[in-house]
Amino acid sequence: MDGPRVVRWGYASAGGVALTLGSIGVVVPGWPTTIFWLIAAWCFSKSCPVLQRWVYTRPGVGPVILDLLEHRRLTLANKRRAIAGIWVGISLSAGVMLLLDYSPIYAIVLAAVAAGVSLCLHFGFTPEGRD
C-alpha cells in the first residue's frame, strides 16, 4: 500500500470511530454527538467525500456541521444551544463533584473552562463566517 492510501485509510478509520461514538449520543442522554460528528466529517473530508456528504445531510446536526466546517459560521441560535449545553453539563458535573466531597477547586476549574469555551464560541464564529 502506498503512503497516501495508508493515510486515507487512517482518516477513514478515525472518521468511522468518531461517527460511531457520535451515534451513541443519539440514543444515550448526555453523550456528545456533534463534536464526534465534526471530527468524523473532517476525517471524511480527507478520505471519503461520499461519507462526508452523508454526515452533512443528516437531519438536525448535518447542516450545523456543514456550516461550521465549510464556512466557519455558527448561527446565533446554535451558539446559544451550544453554550447552554456546556453550562448544563458543567453544572451537573460540578454538582456531582461537590456532592461527592471533592475539593471546590475542581468546580471552579470547570466553571473557568466553561467560561473560556463560551467566550470562544460567542466571539469565534459569526453568522457571516470568517473567510
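Modeller: In this model, helices are DSSP runs of H or I with at least four residues and strands are runs of E with at least two, numbered from the N terminus. On that basis the chain comes to six helices and zero strands, in the order α-α-α-α-α-α from the N terminus on. The C-alpha atoms fill a box of roughly 55 × 35 × 30 Å along the principal axes.

Biologist: What should be known about the origin of these values?

Modeller: The model is predicted, so local features need pLDDT of at least 70 and side-chain atom pairs count only at pLDDT 80 or more, whereas totals for chains, interfaces and linings use all residues. Residues are numbered from 1 along each chain as its sequence is written, and side-chain values use heavy atoms, with hydrogens and water left out.

Biologist: Why is α2 called roughly antiparallel to α3?

Modeller: Helix α2 (residues 34-47) and helix α3 (residues 49-56) pack at about 150°, with axes 7 Å apart. Angles are taken between N-to-C directions, from 0 to 180 degrees, and axes are lines fitted to C-alpha atoms over the stretch in contact. Under 35 degrees counts as roughly parallel, over 145 as roughly antiparallel, 65 to 115 as roughly perpendicular and the rest as oblique. The angle therefore makes α2 roughly antiparallel to α3.

Biologist: What makes the contact of α2 with α3, and how do its residues divide by class?

Modeller: Contact means heavy atoms within 4.5 Å. W37, A41, F44, S45 and S47 of α2 meet P49, L51, Q52, V55 and Y56 of α3. Ala, Val, Leu, Ile, Met, Phe, Trp, Tyr, Cys and Pro count as nonpolar, Asp, Glu, Lys and Arg as charged, and the others, Gly among them, as polar. This contact thus has seven nonpolar, three polar and no charged residues.

Biologist: Why is α2 called oblique to α4?

Modeller: Helix α4 (residues 61-71) packs on α2 at about 55°, with axes 10 Å apart. That angle lies in none of the named ranges, so α2 is oblique to α4. T34, W37, L38, A41 and W42 of α2 touch V61, I65, L68 and L69 of α4. The classes are eight nonpolar, one polar and no charged.

Biologist: How do you know that α5 is roughly antiparallel to α6?

Modeller: α5 and helix α6 (residues 104-124) pack at about 175°, with axes 9 Å apart. This angle is over 145, so α5 is roughly antiparallel to α6. Among the residues in contact are K79, I83, W87 and M97 of α5, and Y106, L110, V117 and H122 of α6. The contact divides into 17 nonpolar, three polar and one charged.

Biologist: Which residues are closest to the centre of the largest pocket, and which element supplies the largest share of the lining?

Modeller: P32, T33, T34, I35 and A82 are the closest to its centre, of 16 lining residues. α2, α4 and α5 (76-99) each supply at least two residues of the lining, and the largest share, four residues, comes from α5. By class the lining has 11 nonpolar, four polar and one charged.

Key: On a 1 Å grid over the protein atoms alone, a cavity is a set of points where a 1.4 Å probe fits but cannot get out, and a pocket is an open set with protein on both sides within 12 Å along at least five of seven lines; lining residues have an atom within 4 Å of a point.
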